[in-house]
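Let's take a walk through this model together, starting with one helix and then moving on to some charged pairs. Keep the viewer open as you read.

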Amino acid sequence: MRKLTGALVATLLTTTGAFADPVDDNLVINEETAIVTRTAAPAHVSDALDEVMSGWLFRGTETRAMQADDFDNPGMIFVEQAQDAWVTADGTEGKSCASCHNDMESMAGVKASYPKWNEAAGEVRTLQMQMNDCRTNRMGAEAWGYDKTPAINMEAALASVSRGMPVNVAIDGPAQSTWELGKELYYTRTGQLELSCANCHEDSYGMMIRADHLSQGQVNGFPVYRLKNTKLNGVHSRFKGCVRDTRAETYSPGSPEFVALELYVASRGNGLSVEGPSVRN
């Protein structure tokens, strides 16, 4: 049985300590797009998990229902804003995203493969990094702030056209060293509480922490609309919040450390469906 670490129990004095199984439910968006929310763990994490599960399975009935219908999903407001930005020229070249990529639907499947190795740049890039490369080098426009509006809106829009497609993040070849760094970060205890990502999301998922239900920390649903702060949240911003909660100095969104961590965590969800923008607490 998975158990909470002593440090976590000592800190979260209002923890119930109860275990609550994820729901046995199916997500079908707009009654047409079936989402894989649980599947066999990919081989590279099978020593730690038998099954990988979307965070959607750990949410309450009302929250799950919001994500199942675009009219109820508050994250879709920001997708609509990005759709307008997609066809709006920006920068010295007078180009828009559509100038090169035509309709946004042409990008279906792109989100499922990121982060990924970029041969020309000689680095692993997240989708936001690639978006900014297009803006600065092709459009002559200013780069967007990482996890800021409108970058997070555009990432959510690109996720929305890939919903239902399986996450398939490559971790071999030149990306492997970055993946290894991400894995090291995932299992390294940090901060005054001496907690790692794995302590909550691998060892203790399913446990109730205060009023919240710990998930596996899968990122297939990002960007996420959080009811807590009523906006879209990027995965690096969520990493930052988690590290801060251990009472450690954290990295910045877009940093090499968080790029590596995103690659590793995204790969843990290989086989789950892209479902962003998702809705979470």
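A residue counts as exposed when its relative accessible area is over 50%, as buried when that area is under 20%, and as partly exposed in between. With those cut-offs in hand, please remember that this is a predicted model.

Start at helix α7, which runs over residues 176-187. Its 12 residues reach 17 Å from the first C-alpha to the last, close to the 16 Å expected at 1.5 Å a residue. Which residues of α7 are buried? They are T178, W179, G182 and Y186. These four lie on the same side of α7, because they cover an arc of only 100° around the axis. The general geometry helps here: an α-helix has 3.6 residues a turn, so residues three or four places apart point the same way. Turn to the other side of α7 and you will find S177 and E184, which are exposed. What do the buried residues of α7 pack against? Their partners are β6 (123-125), α8 (197-201) and α10 (256-268).

Now for the charged side chains. The model has 10 salt bridges in total, and three of them make good stops on our tour.

One joins D70 to R163, with 2.9 Å from N to O. This pair ties together distant parts of the chain, as the two residues are 93 residues apart. D70 sits in the loop between α2 (61-67) and α3 (76-86), while R163 is in the loop between α6 (151-160) and α7. Both D70 and R163 are buried.

Another salt bridge brings E155 and K111 together at 2.6 Å, N to O. Here too, distant parts of the chain are linked: E155 belongs to helix α6, K111 lies in the loop between α4 (97-101) and β5 (116-118), and 44 residues separate them. Are these partners buried or exposed? E155 counts as buried because its relative accessibility is 6%, and K111 is buried as well, with a relative accessible area of 11%.

For the last stop, go back to β6, the strand at 123-125 that the buried residues of α7 pack against. The side chains of R125 and E123 meet in a salt bridge of 3.0 Å, N to O. R125 is buried, with a relative accessible area of 11%, whereas E123, at 31%, counts as partly exposed. Salt bridges with shared partners bring D133 into the picture too, joining E123, R125 and D133 into one network.

Definitions and conventions:
Residues are numbered from 1 along each chain as its sequence is written. This is a predicted model: local features need pLDDT of at least 70, side-chain atom pairs count only at pLDDT 80 or more; totals for chains, interfaces and linings use all residues. Side-chain values use heavy atoms; hydrogens and water are left out. The expected span of a helix is 1.5 Å times one less than its number of residues. Buried means under 20% relative accessible area, exposed over 50%, partly exposed in between (1.4 Å probe, protein chains only). The arc is that of the directions from the helix axis to the C-beta atoms. Contact means heavy atoms within 4.5 Å. A salt bridge is a side-chain nitrogen of Lys or Arg within 4 Å of a carboxyl oxygen of Asp or Glu.
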